[in-house]
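Visitor: I would like a close look at one small part of this structure, and then a sense of what lies around it. Could you take me through it?

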Amino acid sequence: MPQNSQEILLMLPHVVIGVGIVISLLIEMYSKKSETILPWISLFVFVFAGVHSIINISANQILFGGMLEVGGKPAIFNFIFNIGAALLILNSIDYIKKYESNHGEYYILIQSAILGMMVMAGSKDIFMIFIGLELMSIAFYVLAGINKKKSSSNEAALKYFLLGAFATGFIVYGIALIYGVSSTTSVDSIIQNFSTFTQNILFIVGLLLFIIGFSFKIAAFPFHMWVPDVYQGSATTVTGLMSTTGKTAAFSVLLIILSASLINYNIDIFAPYFAVIATLSMLYGSIVAIAQKNLKRMLAYSSISHAGYMAIGLAAANSEAFSGIIFYLAAYTFMNIGAFGIISIIEKQNDANTDLTAYAGLASKSPILAAFMSLFMFALAGIPPLAGFFGKYYVFISAIEADLTWLAVVGVFSSVISVYFYLRLVVYMYFKESEKDIDLHIDKYSLLSVVVSGILVIYFGISPDSLLNLILSVVN
Amino acid sequence: MENGSILTYLLITPILGSLILLFIRKEQENLIQWFGLAVSLAAFIISLVMFTNFDQSNGSFQLVEKYLWIDGLNVSYHIGVDGISVLLILLTTFLTPLTLISTWGTIKKNIKLFTFFMLFLEAGMLGVFISLDLFLFYIFWEAMLIPMYFIIGVWGGENRIYASIKFFIYTMFGSLLMLVAIIWLAVDASSQLGYFTTNLLELYKVGPTIARDIQNYLFLAFFFSFAIKVPLFPLHTWLPDAHVQAPTAGSVILAGVLLKMGTYGLIRFNLPLFPQASVEFAPYISVFAVIGIIYGALVAMVQTDMKKLVAYSSVAHLGFVVLGIFAMTVESVQGAVIQMINHGLSTGALFLLVGMIYERTHSREISFYGGIAKLVPVYATFLMIASLSSIGLPGMNGFIGEFLILLGSFKSQVLDNWWFTIFAASGVIFAAVYLLWMYQRVVFGNVTNPKLENLSDMNGKEWLVLVPIILLIFWIGIYPTTFLDITETSTINILEQVQNFTIKLLN
């Protein structure tokens with residue numbers, strides 16, 4: 001247990017979200033106006049937790065007898081999770097009303113998912129990782145099917161659940177083997193004795209299963225099969241959340257492997273594995289995305305491809321990779337949330353149409369949405385000076401430092417391919433005229449969320465130092 | 001205005017201008033046009049002030065500013081100019097206001113967005129020419145693709161979507177390879193200097209010491225990126241598409257400045273960073289340059305579309321520039337820089353003239369015209385001057401550049417082969433053939449097309465756009481010393497850097 005008030009203070013982000021979940025449950029039960037109150041409660045807890053984490057970033061401590069780390073690296077992740085979630089809550093207010101899913105559980109589940117991610121990012125014990133993972137995943141299984149009346153949403157939920165459970169099986173089996181060899185569940189002691197344990201083949205098999213399980217979660221090829229259908233079928237705001245914060249949470253766990261090889265430098269037994277999945281994910285994601293006509297599906301493949309870029313860092317396994325991946329995750333989170341925010345706005349007007357053709361002539365109907373969408377597309381394509389470019393630059397640096405120049409070159413090829421489909425959306429918005437005249441209604445909260453994401457994408461691009469110094473301060 | 005940060009003022013003027021523009025209402029088109037012109041003129045005036053502060057006798061970088069930008073990766077906002085970039089900056093700020101005026105009345109769709117992108121583009125081009133940090137350079141180099149992509153895609157011709165995407169992907173492919181090479185250099189610097197850096201001046205020391213086989217790869221990565229932009233045969237295929245589909249203003253900026261960024265990159269980065277590889281590859285590259293000169297001219301000859309003809313003539317002209325750069329003599333490199341300016345002026349003028357007549361008749365087919373000398377004598381005169389300048393008639397700018405390049409490549413020790421010069425010289429003759437033949441078919445003869453009868457001659461706005469360009473064409477042609485003096489010491493500086501690691505280049 002936390003020993004003193006200062007430790008409780010550091011726990012506040014977790015505590016506030018936990019309390020938020022309970023209060024939200026009670027309000028949902030007893031209040032008729034829960035739909036109008038709950039968004040603001042969730043917004044408050046997320047903004048509070050995000051800001052609190054980043055303010056207390058230097059107060060790095062391990063609480064609960066070596067179970068949970070607060071401050072430091074987890075604080076950066078908490079910031080990404082919570083600010084990302086806050087932006088998506090702003091988007092959701094109007095969006096889920098349209099789909100008649102504006103019940104309290106939507107907000108409660110999102111809070112649970114975020115709490116799960118925070119536990120994952122901060123856990124210093126393998127079981128804590130598992131608890132966090134399940135808290136997040138189960139909430140996401142339900143959220144994916146929140147549009148109860150849409151069959152595609154139901155399908156997405158079922159698919160996500162089945163494959164998610166499959167991946168969890170890998171992880172549990174892996175944990176069992178790891179524990180079997182190391183007789184400890186403490187992440188730190190596993191890392192400390194990594195070189196001894198790796199002499200046992202069962203330990204390596206266990207770790208490999210563990211890594212494969214999380215490869216499902218980061219949506220890397222060849223563990224990506226659930227991604228397109230789930231991203232397309234789920235409610236857009238939910239897709240936005242799981243494609244960004246969900247991926248970030250899974251990466252926060254994979255970074256443990258990376259720190260294991262960093263501390264026991266010279267042991268990067270998984271580098272070939274990550275190099276292969278990085279190559280395959282980048283190329284597969286970019287090439288298949290070209291053929292997509294549905295924007296959400298296209299972004300699903302783009303998500304696979306971005307998982308590949310970040311996996312370059314895992315293969316490189318040096319300290320640049322560590323900070324590079326974290327930067328990339330933050331950049332990816334904000335540019336993707338912005339893009340999904342705009343999709344949710346357009347989807348509302350256009351009778352659930354998320355096809356590229358629905359964007360024809362958007363520039364003349366809503367210059368501001370078109371401009372921001374282009375911004376996010378250029379950022380995803382890695383055009384400077386936007387945040388996405390800097391993430392890529394940093395990851396490429398790590399690859400070249402690790403003598404994996406070929407991996408950076410593959411990344412280059414994949415980037416060039418991906419430019420084509422990101423630009424295609426811009427082509428629809430600016431270079432084509434719309435076929436039908438639709439009255440576009442943009443609610444102010446969604447717009448706020450889009451604008452904030454856009455500003456962050458520009459800010460982290462023009463002044464990467466702001467984020468980079470924070471990351472470097474916790475990595476070293 | 002403090003002289004110490006004049007380059008920042010220059011860079012920030014179009015950026016601020018484009019941002020302020022966003023707050024002007026879309027319907028106030030006149031205000032937007034005048035505002036855009038005012039901003040670009042302000043940038044021009046600042047560039048003139050910068051020029052007066054520039055010391056021609058000093059070949060190293062001047063007006064340098066350096067502030068740490070990204071602490072974590074040791075990237076600085078590091079800018080400065082030498083004699084070569086000064087000329088290109090002046091060309092950029094000179095052409096931008098003229099092109100903006102030329103769009104008055106011809107660009108009708110979304111004037112606000114167009115002006116925004118033109119100013120954004122100007123900032124990107126200026127940034128490329130003043131960056132002394134490879135990271136900063138790369139950012140401007142890439143960011144500048146966005147406005148050009150929109151200018152072609154939104155205001156272009158029928159096939160604009162294909163052309164704009166081709167332009168973007170082609171250029172991006174080359175530049176990403178360069179990015180990998182930039183990182184490679186910086187990582188290598190960290191093993192030699194002890195810290196990761198993308199500072200160009202420090203990398204000038206690191207680059208030549210890199211092992212030869214790796215230096216070759218790095219050289220090729222940079223070269224590939226610039227050669228696509230130039231564009232050097234056989235990487236030129238995006239250019240005709242982009243030029244033909246782009247609106248006139250887009251073509252003028254594309255030909256006038258954007259292509260120069262490729263040749264500028266070769267001079268600024270390839271030669272001094274990888275001198276040994278440059279000398280080794282020079283003959284091969286020169287072969288492609290000469291092929292480009294002849295190929296561009298031959299293909300231009302058979303074009304039926306005036307704009308396409310001018311576009312292919314660019315391939316030929318830029319071939320001269322690349323030949324001049326890789327001949328690596330003082331004359332040829334200076335000639336290449338002058339030729340870069342010349343091409344910006346004369347091809348810019350040709351694109352403007354083609355655009356002007358297209359506005360009147362909506363046709364660029366050569367066979368559509370004939371005998372317009374009688375209908376629009378002033379236009380015919382301007383077209384004559386621009387064509388002759390492009391051909392390289394003595395007394396006009398083109399002659400100076402081509403002559404210096406041919407002279408330099410003739411006595412080049414790197415190429416050490418007269419045939420380059422002989423074949424390249426034939427390109428001058430071909431240029432006379434395709435341009436004069438086009439001129440003859442369009443301007444002389446009898447008016448056969450009844451649609452031409454109501455053709456009106458040049459209006460005041462068009463005079464205003466063309467006269468400054470024509471004046472410069474004659475200035476360079478008659479008294480080139482003004483311009484050669486600017487580039488001389490910087491050229492010698494770069495060649496000295498190459499010479500320090502390779503064979504003797506300077507006398």
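Guide: Happily! Let us start at a turn: in chain B, the hairpin formed by S1(B) and S2(B) has four residues between its strands, and B:Asn74 there adopts a positive phi near 55 degrees. Please keep in mind that this is a predicted model.

From the turn we can move out to the strands themselves. S1(B) covers residues 62–70, and it runs antiparallel to S2(B), with six bridges joining the two. One pairing to find on your screen is that of B:Tyr67, whose bridge partner in S2(B) is B:Tyr77.

Now follow S2(B), which takes in residues 75–81. In a regular strand, side chains alternate between the two faces of the sheet. Here B:Val75, B:Tyr77, B:Ile79 and B:Val81 point one way, while B:Ser76, B:His78 and B:Gly80 point the other way. B:Tyr77, the residue bridged to B:Tyr67, thus belongs to the set with B:Val75, B:Ile79 and B:Val81. Both sets are buried, and the strand is mostly covered, with seven of its seven residues counted as buried. Buried here means under 20% relative accessible area.

Stepping back to the whole of chain B, the secondary structure consists of 20 helices and two strands. Of the 507 residues in chain B, 67% are buried. Looking at contacts with a separation of 6 or more, 80% come from residues 24 or more positions apart. The radius of gyration of chain B is 22 Å, which agrees with the value near 23 Å for a compact globule of 507 residues. Its C-alpha atoms fill a box of roughly 75 × 55 × 40 Å along the principal axes. On the outside, chain B exposes about 16,600 Å², of which carbon and sulfur atoms supply 65%. As for charge, chain B carries 23 positive and 28 negative side chains, and the centres of these two sets lie 10 Å apart.

Chain A can be read in the same terms. Its secondary structure also comes to 20 helices and two strands, and 67% of its 476 residues are buried. For chain A, a radius of gyration of 21 Å agrees with the value near 23 Å for a compact globule of 476 residues. The C-alpha trace of chain A spans about 65 × 55 × 40 Å along its principal axes. Chain A exposes about 15,500 Å², with 66% supplied by carbon and sulfur atoms. Finally, the mean positions of its 22 positive and 25 negative charges are 8 Å apart.

Notes
Residues numbered from 1 in each chain as written. Chains lettered and ligands numbered in written order. Predicted model: local features only at pLDDT ≥ 70, side-chain atom pairs only at ≥ 80, totals over all residues. Heavy atoms only, no water. Rg over C-alpha atoms; globule rule 2.2 N^0.38 Å. Buried < 20%, exposed > 50% of the residue type's maximum accessible area, 1.4 Å probe, protein only. Contact = heavy atoms within 4.5 Å. Areas by Shrake-Rupley, 256 points an atom, 1.4 Å probe, with all protein chains shown as cover. Lys, Arg positive; Asp, Glu negative; His and termini not counted. Charge placed at Lys NZ, Arg CZ, Asp CG, Glu CD. Pairing = 2+ DSSP bridges.
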